Structure formats: C-alpha cells, structure tokens
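Trainee: I would be grateful for a close look at the metal site in this structure. Please then follow the chain outward from that site into its surroundings.

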Amino acid sequence: MFESSCLCGANRISFEADSILKMRCHCTDCRKFSGSTNTNNLFVPLAGFKVLSGKLKTYTKSVESGNEMTSYFCDQCGSTLYRKTSLTDKAVAVMIGGIDGPEAIENGCPEHELFVRNRPSWMKPIEGSSQDEDHGLPEIKIPEAV
Ligand SMILES: [Zn+2]
Ligand SMILES: [Zn+2]
C-alpha cells in the first residue's frame, strides 16, 4: 500500500503497490499541466485506490491523444495527485511526484515513453523503455483479479 499527498498535505490518497503501467508522457498537454517538460505516471487499478482525506478539484480537457483527461488537484496548493483518462474506467494515473517515501518513485522507472517527438534534445530516452513518437499508449491491461 502506498500513499500520496499534495504539497500542503490537505489531500491524501492511497493505492495498491502494483502498477499496471509506468509511463512518461511528453505530450504538449502534460507539459502545460505540469509546468515541466513531461509527466511521470503510475497507472494503478481503481479497485485498490482510495481518497483518504481532503476534497480534490477537477479539470477536464481533451488532450493530444484524443482522450479526455481529468486532473484531480488540491484547491489550496494546486498539486495534482492523479488523473483519469477516458481510455479506461478501471485505472487512474497517479502522478509519481506526490507519492510519499522513496520506494514507489525508485521502482517507478517508466516502461513507456509517449510523444517522444516533443522530447527536448537535452533529455535522453530512458534506457529499456519503449519509445512512441505520439500517442501509442499501450492498451491498459487490467489484471483479472481486479
Ligand atoms: Zn494541497
Ligand atoms: Zn501527456
């Protein structure tokens, strides 16, 4: 079990350890939304996911992949804890930076990089990670047990 919290601590979520997919996204929406060059996300099953405290605001946008992406963020400090994509209703994408404790982040090396056509030249590809020019998000595999 892992927990994640926003910058001010008002919002906390928890999720099961096993992620379905570890992903780095360089799409232009992830850029604007994060204020950085990319996002790093852990897709986790909704079945093991809980909001422990707080009240998250939402913002929904049609993103570069063509899916609708809804961000869940703190209305005080603005940290996004997770997002939901219209691609699946069985999993959420947890933003890796909010996760408490180093273990999930250490083990969260992305297996897939998306929209690498947008990756700046000074950033290297992640060794061993699949490289998709655009939105080749692998079909999210929901474990049978979920
Ligand atoms: Zn907060
Ligand atoms: Zn993206």
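Mentor: In this predicted model, the zinc ion (ligand 2) takes its protein donors from Cys-25, Cys-27 and Cys-30, in each case through the SG atom, at 2.1 to 2.4 Å. Along the chain, these donors follow the spacing C-x1-C-x2-C. Cys-25 has a relative accessible area of 4%, and because the limit for a buried residue is under 20%, Cys-25 counts as buried. The same limit applies to Cys-27, which is buried at 5% relative accessibility.

Between the donors Cys-27 and Cys-30 lies Asp-29, a residue of helix α1, which spans residues 28-34. The side chain of Asp-29 meets that of Lys-61 in a salt bridge, with 2.7 Å from N to O. This pair ties together distant parts of the chain, since Lys-61 belongs to strand β6 and the two residues are 32 positions apart. The partners differ in their exposure: Asp-29 is buried at 13% relative accessibility, whereas Lys-61 is partly exposed at 35%. As a general matter, side chains of opposite charge can pair when their charged atoms come close.

Lys-61 leads from the zinc site to the sheet, for its strand β6 (56-62) is one of the two edge strands. The sheet is open and has eight strands, in the order β6-β7-β8-β9-β4-β3-β10-β11, with mixed pairing. The other edge strand is β11 (130-131), and each edge strand pairs on one side only.

Within this order, β9 stands between β8 and β4. Strand β8 (residues 80-85) pairs with β9 in the antiparallel sense over two bridges, and Arg-83 stands opposite Ala-93 of β9. A hairpin of five residues connects β8 to β9. On the other side, strand β4 (residues 39-45) is joined to β9 by five bridges, again in the antiparallel sense. There, Pro-45 has Ala-91 of β9 as its bridge partner.

The covering of β9 deserves attention as well: five of its five residues are buried. Ala-91, Ala-93 and Met-95 point one way from the strand, while Val-92 and Val-94 point the other way, and all are buried. Ala-91 and Ala-93, the residues named above as standing opposite Pro-45 and Arg-83, thus both belong to the group that points one way.

After β9 (91-95) the chain enters a loop that leads to α2 (102-106), and Gly-101 is located in that loop. Gly-101 is partly exposed, with 40% relative accessibility. Its C-alpha atom is separated by 34 Å from that of Gly-66, a residue 35 positions away along the chain.

At the far end of the strand order, β10 (residues 112-114) runs parallel to β11, and two bridges join them. His-112 stands opposite Ser-130 in β11. Strand β10 also holds Glu-113, whose side chain meets that of Arg-119 in a salt bridge of 3.0 Å, N to O. Both partners are buried: Glu-113 has 0% relative accessibility, and Arg-119 has 17%.

The remaining charged contacts can be placed beside these. Salt bridges that share partners link Glu-3, Arg-12 and Asp-100 into one network. In the pair formed by Arg-12 and Glu-3, the closest N and O atoms are 2.8 Å apart. Arg-12 is partly exposed at 26% relative accessibility, and Glu-3 is likewise partly exposed at 33%. Over the whole structure, a search finds five salt bridges.

Finally, a record sets these parts in a wider frame. The UniProt annotation "domain: CENP-V/GFA", from an unreviewed entry, covers residues 2-127. In the model, that span is 10% helix and 41% strand, and its end C-alpha atoms lie 26 Å apart. The zinc donors Cys-25, Cys-27 and Cys-30 fall within the annotated residues, whereas the edge strand β11 begins at residue 130.

Conventions: Residues numbered from 1 in each chain as written. Chains lettered and ligands numbered in written order. Predicted model: local features only at pLDDT ≥ 70, side-chain atom pairs only at ≥ 80, totals over all residues. Heavy atoms only, no water. UniProt positions renumbered as here; feature names shortened; annotations may be inferred. Helix = DSSP H or I, 4+ residues; strand = E, 2+ residues; numbered from the N terminus. Buried < 20%, exposed > 50% of the residue type's maximum accessible area, 1.4 Å probe, protein only. Donors = N, O, S within 2.8 Å, 3.2 Å for Na, K, Ca; no water. Pairing = 2+ DSSP bridges. Salt bridge = Lys/Arg side-chain N within 4 Å of Asp/Glu carboxyl O.
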